[in-house]
Amino acid sequence: MNQSLTDTVLKLTNVSAYYGFTKAIESVSFELKKGQVVGLIGANGAGKTTSLKVLLGMLKPATGTISILGMSRCSSRLFKRIGFAPEDATPPEYLTAREYLVFLSKFRKGENINSVQQIEEFLTWFELDPDKLVRKYSKGMRRRLILAQAFLGKPDLIVLDEPLNGLDPMMILKLRDRLKLYQKQGTTILYSSHILTELEQTCSDVVIMHRGSVIHQDSVENLVKQFGSVEKAFSAKIGAA
Ligand code: ATP
């Protein structure tokens, strides 16, 4: 890992969470430092989305502590500094893409950001028809719009849950470049995905979850050196768990 990365942006320590009486995650601990792009990986039901919900304050942890951008919980004030693209979100059908981004930009306006200019840039970059109603958008176009809003206002932390679902191959490549650019500018990014080859291209580090717990966190560089690829590292770690 880059030695200059010292600032902790996000830290979960021994976090457990339930849905009713069902334990979804147990004693989850991981840390993200400024400028890291961290991939959260694990089989279906491993606890990735639950971990994201807990750290964003959408699900109350039963035990453990959270530190996010220097705060002990994710307040609405903090949300101005966080971009989040949920796995299953869809923008309101009665808005156009531009209207949706203009609406959200009022809540997440970063310092020195010209939101009008940024929205137009995002509409072009994500190849979205600005004046088309969301209800006339395809699934992939809706996904692009959900991703676009996560980048609004130059957030300090961007959390993406399965961002690649529904994206075409060209947009996956473009997103890879965008994440690298944001990383260079010091943005911290956490994203969950099952596409391990893409994570290997994009992430500095990965956190491996299995049956509700974190079983490994390491840099992509180390994992590739040791196992040959993130895919092989994942199989080995899951096999040994
Ligand atoms: P996937 O890759 O399939 O999206 P995931 O790693 O994101 O999975 P979670 O959605 O966090 O996994 O699920 C963790 C555990 O919590 C699973 O056992 C799941 O069945 C359970 N779970 C998730 N959501 C709920 C819910 N709303 N009510 C009850 N149990 C839930």
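Select residues 8–19 and 22–33 in this predicted model. These are strands β1 and β2, which pair in the antiparallel sense over eight bridges. Show valine 15 as sticks, then valine 28 in β2, which is its bridge partner. Now move to the turn of the hairpin that β1 and β2 form, where two residues lie between the strands. Pick glycine 20 there and check its backbone: phi is positive, at about 60°.

Keep β1 on screen and add residues 63–68, strand β4. β1 pairs with β4 as well, again in the antiparallel sense, over five bridges. To find the register, select serine 16 and its bridge partner in β4, threonine 63.

**The six-stranded sheet**

Next, select the strands of the open sheet of six and follow them in the order β5-β6-β7-β3-β8-β9. The pairing in this sheet is mixed. Which strands stand at the edges? They are β5 (82–85) and β9 (213–219); each has a single partner strand, so one side of each is left without a neighbour in the sheet. On average, neighbouring strands of the sheet are turned by 15° against each other, direction ignored.

Zoom in on β5 and add strand β6, residues 157–161. The two pair in the parallel sense, over four bridges. One residue pair to label is glycine 83 with isoleucine 158, its bridge partner in β6.

**Helices across the sheet**

Select residues 48–55, helix α1. Helix α1 lies across four strands: β3 (37–41), β6, β7 (188–192) and β8 (205–210). Relative to β6, α1 runs at about 145°.

Now go to helix α7, residues 220–227. Helix α7 lies across β8 and β9, and its direction is at about 90° to β9.

**From α7 to α8**

With α7 still selected, add helix α8, residues 230–240. The axes of α7 and α8 come within 8 Å and cross at roughly 80°. That angle makes α7 roughly perpendicular to α8. Show the side chains of the contact: α7 supplies Val220, Leu223, Val224 and Phe227, and α8 supplies Val230, Lys232, Ala233, Ala236 and Lys237. How many of these residues are nonpolar, polar or charged? Seven are nonpolar, none is polar and two are charged.

**The pair α2 and α3**

Select residues 97–105 for helix α2 and residues 115–125 for helix α3. They pack at an angle of about 140°, and their axes are 10 Å apart. The two helices are therefore oblique to each other. The crossing of α2 past α3 is right-handed.

For the side chains, show Ala97, Arg98, Leu101, Val102 and Ser105 in α2. Across from them, in α3, show Ser115, Ile119, Glu120, Phe122 and Leu123. By class, this contact has six nonpolar, two polar and two charged residues.

**The whole chain by domain**

Finally, zoom out and colour by domain. According to the domain assignment, domain 1 takes in residues 1–81, 156–166 and 175–241, while domain 2 is residues 92–154. Place a marker at the centre of each domain, taken over C-alpha atoms: the two centres are separated by 25 Å. To see where the domains meet, select the contacting residues on both sides. Domain 1 contributes 16 residues to this contact, and domain 2 contributes eleven.

Notes. Residues numbered from 1 in each chain as written. Predicted model: local features only at pLDDT ≥ 70, side-chain atom pairs only at ≥ 80, totals over all residues. Heavy atoms only, no water. Axes fitted to C-alpha atoms, helices over the stretch in contact; angles between N-to-C directions. Parallel < 35°, antiparallel > 145°, perpendicular 65-115°, else oblique. Left-handed = near helix turned anticlockwise from the far one by under 90°. Contact = heavy atoms within 4.5 Å. Nonpolar A, V, L, I, M, F, W, Y, C, P; charged D, E, K, R; others polar. Pairing = 2+ DSSP bridges. Domains from an automatic or database assignment.
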